[in-house]
Amino acid sequence: MWRSAFWAQSGLVTAALLMALLPDVEGVTRKTGNHRRQSADHAMRLKRVDCERTVCAGLTAETKLSCIYRCISEVCHDEIYAHDELEEGEIDIDRGRQFSHCYRRMFRQEQDQRDELVRKEAAERRAEAAQRRAELQRRKDAATN
């Protein structure tokens, strides 16, 4: 009798330990929902490093930040900074956030366009394959008659 109570109690302890050690399922789903944002942020960081090393490499610190933003996305730079350029040494956190949001929006639009193009090309390939199969079937039927 005491053995069955022991195993039942140890089973509860094991279950409690597993619940504590396993990652939160809700947290996992939230992370995958942010995948697109993370991809956009990663792409922006890579682009920033590339711009710093190439296009904006020889510039002074005062003009470098504006050059980097323009290099990353000219559209977003014009949208956020065109009416009021950054001054020498100025760091505007609010407009920096707006720029990041703009870049994510542009990234999302480009990604949606690429996805749509891939879907259209796949549909065209399926239609062409169906036509080839139908033509082969017609030839096969004609040869048997």
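1. A polar contact here is a pair of N or O atoms within 3.5 Å. D92 meets that cut-off in this predicted model: one of its side-chain oxygens lies 3.3 Å from the backbone nitrogen of D94. D92 thereby caps the N-terminal end of α6.

2. Helix α6 covers residues 93–144. At 1.5 Å a residue, its 52 residues should span 76 Å. The end C-alpha atoms are 76 Å apart, which agrees. Its buried residues include R95, G96, F99, Y103 and R104, and also Q111, A122 and A129.

3. Helix α5 (residues 74–81) buries C76, H77, I80 and Y81. These cover an arc of only 100° around the axis, so they sit on the same side of α5. They pack against α4 (61–72) and α6.

4. Look at Y81. Leaving aside neighbours within four places in sequence, Y81 is in contact with Y69, C76, L86, R95, G96 and F99. Y81 is also among the residues with the most contacts inside the largest nonpolar core, along with M44, Y69, I72, F99 and Y103. That core has 16 residues. Helices α3 (35–53), α4, α5 and α6 each supply at least two of them.

5. Confidence is uneven. The chain averages a pLDDT of 79, and 76% of the residues score at least 70. Helix α6 is highest, at a mean of 93, while α2 (residues 25–33) is lowest, at 44. Over residues 12–32 the pLDDT is below 50. Beyond near neighbours in sequence, that stretch has three contacts in the model. Where pLDDT is low, the predicted coordinates should not be read in detail.

Technical notes. Residues are numbered from 1 along each chain as its sequence is written. This is a predicted model: local features need pLDDT of at least 70, side-chain atom pairs count only at pLDDT 80 or more; totals for chains, interfaces and linings use all residues. Side-chain values use heavy atoms; hydrogens and water are left out. Buried means under 20% relative accessible area, exposed over 50%, partly exposed in between (1.4 Å probe, protein chains only). Helices (H or I, at least four residues) and strands (E, at least two) are DSSP runs, numbered from the N terminus. The arc is that of the directions from the helix axis to the C-beta atoms. Contact means heavy atoms within 4.5 Å. A nonpolar core is a set of buried Ala, Val, Leu, Ile, Met, Phe, Trp, Tyr and Cys residues joined through side-chain atoms within 4.5 Å. The expected span of a helix is 1.5 Å times one less than its number of residues. A polar contact is a pair of N or O atoms within 3.5 Å; within protein, one must be able to donate a hydrogen and the other to accept it, and residues adjacent in sequence count only if both atoms are side-chain atoms. pLDDT is the predictor's confidence in each residue, from 0 to 100.
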